[in-house]
Amino acid sequence: MAFPHLQQPSFLLASLKADSINKPFAQRCQDLVKVIEDFPAKELHAIFPWLVESIFGSLDGVLVGWNLRCLQGRVSPVEYSIAMEFLDPSGPMMKLVYKLQAEDYSFDFPVSCLPGPVKASIQENVLPDSPLYHNKIQVPPTGGLGLNLALNPFEYYMFFFALSLISQKPVPMSLHVRTSDCAYFILVDRYLSWFLPTEGSVPPPLASSPGGSSPSPAPRTPAMPFASYGLHTSLLKRHISHQTSVNADPASHEIWRSETLLQVFVEMWLHHYSLEMYQKMQSPHAKESFTPTEEHVLVVRLLLKHLHAFANSLKADQASPSTHSHATSPLEEFKRAAVPRFVQQKLYVFLQHCFGHWPLDASFRAVLEMWLSYLQPWRYAPEKQVQSSDSQPRCVSEKWAPFIQENLLMYTKLFVSFLNRALRTDLVSPKNALMVFRVAKVFAQPNLTEMIQKGEQLFLEPELIIPHRQHRLFTVTSSFLSPWPPVVTDASFKVKSHVYSLEGQDYKYTPMFGPGVRTLVLRLAQLITQAKQTAKSISDQCAESPASRSFLSWLGFGATDPNSCYPGNDLDEMGQDSVRKTDEYLEKALEYLRQIFRLSEAQLAQLTLALGNTRDENGKQQLPDCIVGEEGLILTPLGRYQIINGLRRFEIEYQGDLELQPIRSYEITSLVRALFRLSSAINRRFAGQMAALCSRNDFLGSFCRYHLTEPALSNRHLLSPVGRRQATSPARGPRLSLRFLGSYRTLLLLLLAFFVSSLFCIGPLPCSLLLVLGYLLYAIAMTLLTERGKLHQL
């Protein structure tokens, strides 16, 4: 489509909107590329907000835009290729951003669409800590609709891009979309690699037109010096950062896009729970409106992995702040500040919320891997460590000790949170067993435990020199205008500042290697041992073919106990291979826990003996762990765990009227009810005669008692104290029961008997007489045996 250069912006926007409905996707993108190349920034300014929304969807989630979170190359290769080329960091859309950036345009972004803590802070007239919002808040005139942020084109684009992960509805499970294959996930990776490079510098903005000079799209507000990016901003800093002119180093303009990208991603993806609210409401019952999805967590993990690689790409002579000099480039400064000053605090609160509120299911694996990725920056270091030939885990270098100490709570408190989760999950499930194994394996890496203990020792040292101050001011530097905060040589101060800044001055630290956590580890080791026994028990009981077992049960030949196999986990879905994996994961996890907490073999042996075998000497299954109360047996927490995981169970049997027990799966419902009505009518009609026959002391009386009376209730195996009280109730009188004729098994046996008799040329009537005669002989024999047994008991 050709657009005249003299066309007004309103007509250009109207034409593009019409084309978005009438033209195919590929043609629309080609037209957009031509428009971006041919039209000046003045006219492109009007279409930019609409174009961004049409790509990433509306902020309220109503419009999905290009649906990048579901767009996959293997499903829609043409659309995927076109979209990725258009949105690439060097593609047409970014050219449009730089074109508008050079002209100093701004766009309104509603504050109401920001994450909860930021929105609440701005609405309460409190400036957020992040410099991302400084000098951007637009107060509406009287009668205005609401607060807005005035964003430059790059910020506006990145705000929409980051929020599209949050604002759009979750991907339906029925689509079976793999997050790592989607266009959105891959675009995040490309943007991170482009603007946070691990090698070289950030590429300069692209030329606005063929043969033209490259614009210099500096931010509308000059970049802040690094001293203003402290974890918490002081009042002095806030005052200075509001000045309209800041004599920032011109070289800092080189990385303003990198700073903006990282701040936008962290704010939009992690800043959904305020630190102050977290410190005031550390309760599992505390409710917050935002709930992250598994897709969200996977994208955050991608961000953390790239940030580790970005920070670790510092040159050897620049990796330590002690070697800092004024000659260091802004990009190198930014690498050093990226993780501790932008990410640490918000990630910690985000992880704490996930650990406390995420469902106790296998989807927690995404949160777990995100956490473990952050704990292991050495995995993303450029140097390659040679793996030992005996497959032993490599030793964690001492150079990572400062990172571990300055992230102590990430290792210790979150480990305790994971222990509490693991104690409430079904460890028989291979997916849950794998999570315990993964955490134990990471923390068992050589030298990691020693460095965590060293960090705890530094924190627990008595405060001799550290002045009393509020925890929010621990990172205030001596001079705001200094390009980098002065080096703090006291390692103990650094650890304490980290802990108090996150948890507050009154925080009571629980040592990871103290007696309290050790007790939790011993409980987990006990449950691991028990889960291994459960898996073996399930494997033994479910070894037979499920198809044949269910068929025989349907016919009534096999066991009809619904508890004969344990359906409470995913072992039945995966079979013997799942049992093997579970046992392997739990065995290795137990060994790793023994190494981490220096548990002796004797302690583990005592745990196994304390659990005991799941069966007693006679091969019968023991009852769940209980204590005796006034009303009978009361389950202990261990007993509840045994029942939930199918390790032990009560032998439950029906204690009421056998005629009124629920209809079984091997019975015909309508036939059972009809037979019950028939037998009830017979019993009412002949009750007196049946009672008289059963009261006789001769053989006829014994024969009638065998058929017309049920076993005494007192002879049953009773476990409930209520059942014991019922056992004293008077026995029911003689009655006829025809319910056995409503069973599939009985009917199948009758049909089989008629079929066999037909093979010997015996008709239905003679066959029926033979069956009656055979049953009479059987009943006479059983009557004699029953009477003889009663005589022996006397």
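# A guided tour of the predicted chain

Begin by selecting Asn 67, which is found in the loop between α3 (41-56) and α4 (77-87), where helices (H or I, at least four residues) and strands (E, at least two) are DSSP runs numbered from the N terminus. What you have open is a predicted model, in which local features need pLDDT of at least 70 and side-chain atom pairs count only at pLDDT 80 or more, while totals for chains, interfaces and linings use all residues. Residues are numbered from 1 along each chain as its sequence is written, and side-chain values use heavy atoms, with hydrogens and water left out.

## The loop between α3 and α4

Stay on Asn 67 and look at its backbone: its phi is positive, about 55 degrees, although Asn 67 is not a glycine. Most residues other than glycine have a negative phi. At 34% relative accessibility, Asn 67 counts as partly exposed, a class that lies between buried (under 20% relative accessible area) and exposed (over 50%), with a 1.4 Å probe and protein chains only.

Next select Leu 71, which is found in the loop between α3 and α4. Is Leu 71 buried or exposed? Its relative accessibility is 11%, so Leu 71 counts as buried. Now add Asp 181 to the selection: Leu 71 and Asp 181 are 110 residues apart in sequence, and their C-alpha atoms are 8.4 Å apart in space. Leaving aside neighbours within four places in sequence, Leu 71 is in contact with Ser 76, Glu 79, Tyr 80, Ala 83, Asp 181, Cys 182 and Ala 183, where contact means heavy atoms within 4.5 Å.

For another pair of this kind, select Lys 169, in the loop between α7 and α8 (183-195), together with Gly 61. The C-alpha atoms of Lys 169 and Gly 61 are separated by 6.4 Å, with their positions 108 residues apart along the chain. Lys 169 is exposed, with a relative accessible area of 66%.

## The nonpolar core and its rings

Now select Leu 68, Leu 87, Tyr 157, Met 158, Phe 265, Trp 269 and Trp 371, which are the residues with the most contacts inside the largest nonpolar core, a core of 172 residues. A nonpolar core is a set of buried Ala, Val, Leu, Ile, Met, Phe, Trp, Tyr and Cys residues joined through side-chain atoms within 4.5 Å. The largest share of this core, 13 residues, comes from helix α13 (residues 330-357). In soluble globular proteins, nonpolar side chains tend to be buried together.

Centre the view on Tyr 157, which, not counting residues up to four places away in sequence, touches Phe 48, Val 52, Phe 56, Leu 87, Met 93, Met 94, Val 97 and Tyr 191. Tyr 157 also belongs to a cluster linked by ring pairs, whose members include Phe 56, Phe 154, Phe 161, Tyr 191 and Trp 269.

How many aromatic pairs does a search of the whole structure find? The search finds 40, where rings of Phe, Tyr and Trp (its six-membered ring) pair if their centres lie within 6.5 Å, and planes under 30 degrees apart count as stacked, over 60 as edge-to-face and the rest as tilted. Select Phe 109 and Phe 160 as an example: their ring centres are 5.7 Å apart and their planes stand at 85 degrees, so the pair is edge-to-face. This pair links distant parts of the chain, since Phe 109 is in strand β1 (residues 107-110) and Phe 160 is in helix α7 (residues 153-167), 51 residues apart. Phe 109 is buried, with a relative accessible area of 0%, and Phe 160 is buried as well, at 5%.

## Helix α16 and its two partners

Move on to helix α16 (residues 408-422) and helix α19 (residues 491-503), which pack at an angle of about 55 degrees with their axes 10 Å apart. Axes are lines fitted to C-alpha atoms, for helices over the stretch in contact, and angles run from 0 to 180 degrees between N-to-C directions. Angles under 35 degrees count as roughly parallel, over 145 as roughly antiparallel, 65 to 115 as roughly perpendicular and the rest as oblique, which makes α16 oblique to α19. To see the contact, select Leu 408, Leu 409 and Lys 413 in α16, which meet Val 495, His 498, Val 499, Leu 502 and Glu 503 in α19.

Then keep α16 and select helix α18 (residues 448-460), where the packing angle is about 100 degrees and the axes are 10 Å apart. These two helices are therefore roughly perpendicular to each other. Leu 408, Tyr 411 and Thr 412 of α16 make the contact with Leu 448, Ile 452, Gly 455, Glu 456 and Phe 459 of α18.

## Stepping back

Finally, show the whole protein chain, whose secondary structure comes to 31 helices and five strands. Buried residues make up 46% of its 794 residues.
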